[in-house]
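Me: I have a structure open in front of me and would like to learn how to read it. Could you take me through it one feature at a time?

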Amino acid sequence: MFFFLFARDLKITWGEDKRYWNWIHVEDDNNTLVDAAELLTVCYLDVNAKFDTRILSPGVKYEVAFVVMIKDNAQGWEHLVKLGLLFPNVMHEEREEDLAKNKPRNKWIEVPVAEFITSSEIEKQAGEMEIYLRGTEGLYWKKGIVIKGIVIRAKN
């Protein structure tokens, strides 16, 4: 079982400003057209979403990843971005990623955010977790990435 948060479900800073982001149609896995967010240029990247953990099965390991395409014209991604999860009441998972290094261009890839095991103690993780991708330190200009969404799925 998996969940997919499409780009329109995400909160993208300046996402509706056509100077910085362009909304394009791409095919999902079912050959249905969905909106994706194409980054034209920003120096302050902040993409996040909330997801209610109460709909997940307790005691199961899940993985979370952004589904993106890095385009040929991509620039500024050698500066690390932060990917993370904020859980209600308990923990914070965060990692850094160099999106320029060894990443294929012009194809959809998954950029891992984190893995977590849902608690059988509902009160510990119950509620909305925040998932984010941020490139805000140093205010380096970035361009050339397309964000399709975020996948959350059980991991064997």
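Me: Let me start with burial. Of the 156 residues of the protein chain, what percentage count as buried?

Reply: Happy to help, and keep in mind throughout that this is a predicted model. A residue counts as buried when its relative accessible area is under 20%. By that cut-off, 45% of the 156 residues in the protein chain are buried. The accessible surface of the chain comes to about 8400 Å², and carbon and sulfur atoms account for 48% of it.

Me: How does the radius of gyration of the protein chain compare with that of a compact globule?

Reply: The idea is to set the chain's value beside the one expected from its length. For 156 residues a compact globule would have a radius of gyration near 15 Å, and the protein chain has 16 Å, so the two agree. Along the principal axes, the C-alpha trace spans about 45 × 40 × 30 Å.

Me: Which elements does the protein chain have, and in what order do they run?

Reply: There are one helix and 11 strands. Reading from the N terminus, the order is β-β-β-β-β-β-β-β-β-α-β-β. Contacts add to that picture: of those between residues at least 6 apart in sequence, 76% join residues at least 24 apart.

Me: What is the strand order in the open sheet of five strands?

Reply: Strand order in a sheet need not follow the numbering, so trace it from neighbour to neighbour. Here the order is 2-5-10-7-8, and the pairing is antiparallel. Strand 2 (11–12) and strand 8 (92–97) each have a single partner strand, so they stand at the edges with one side lacking a neighbour in the sheet.

Me: How many bridges join strand 5 to strand 10?

Reply: Eight bridges link strand 5 (residues 45–52) with strand 10 (residues 128–135), and the two run antiparallel. To find the register on your screen, look at Asp 52, which stands opposite Glu 128 in strand 10. As a general guide, side chains in a regular strand alternate between the two faces of the sheet.

Me: What should I look for in the hairpin of strand 3 and strand 4?

Reply: Begin with the pairing, then look at the turn. Strand 3 (residues 21–27) and strand 4 (residues 33–39) pair in the antiparallel sense over seven bridges, and Trp 21 has Leu 39 in strand 4 as its bridge partner. Five residues lie between the strands, and Asn 31 in this hairpin has a positive phi near 60 degrees.

Me: Which residues in the loop between strand 8 and strand 9 should I check for positive phi?

Reply: Try Asn 102 and Asn 106, both in that loop. Asn 102 has a positive phi of about 55 degrees although it is not a glycine, and phi of Asn 106 is near 60 degrees. Asn 102 is exposed, with a relative accessible area of 73%, while Asn 106 is partly exposed at 39%.

Me: Where is Met 1, and which residues does it touch?

Reply: Met 1 sits in the segment before strand 1 (2–6). Leaving out residues up to four places away in sequence, Met 1 touches Arg 153 and Ala 154. Met 1 and Ile 152 are 151 residues apart in sequence, yet their C-alpha atoms are 8.8 Å apart in space. Met 1 counts as exposed, at 75% relative accessibility.

Me: Lastly, how many positive and negative side chains are there?

Reply: The protein chain has 21 positive and 25 negative side chains, and the centres of the two sets lie 3 Å apart.

How values were computed:
Residues numbered from 1 in each chain as written. Predicted model: local features only at pLDDT ≥ 70, side-chain atom pairs only at ≥ 80, totals over all residues. Heavy atoms only, no water. Pairing = 2+ DSSP bridges. Helix = DSSP H or I, 4+ residues; strand = E, 2+ residues; numbered from the N terminus. Rg over C-alpha atoms; globule rule 2.2 N^0.38 Å. Buried < 20%, exposed > 50% of the residue type's maximum accessible area, 1.4 Å probe, protein only. Contact = heavy atoms within 4.5 Å. Areas by Shrake-Rupley, 256 points an atom, 1.4 Å probe, with all protein chains shown as cover. Lys, Arg positive; Asp, Glu negative; His and termini not counted. Charge placed at Lys NZ, Arg CZ, Asp CG, Glu CD.
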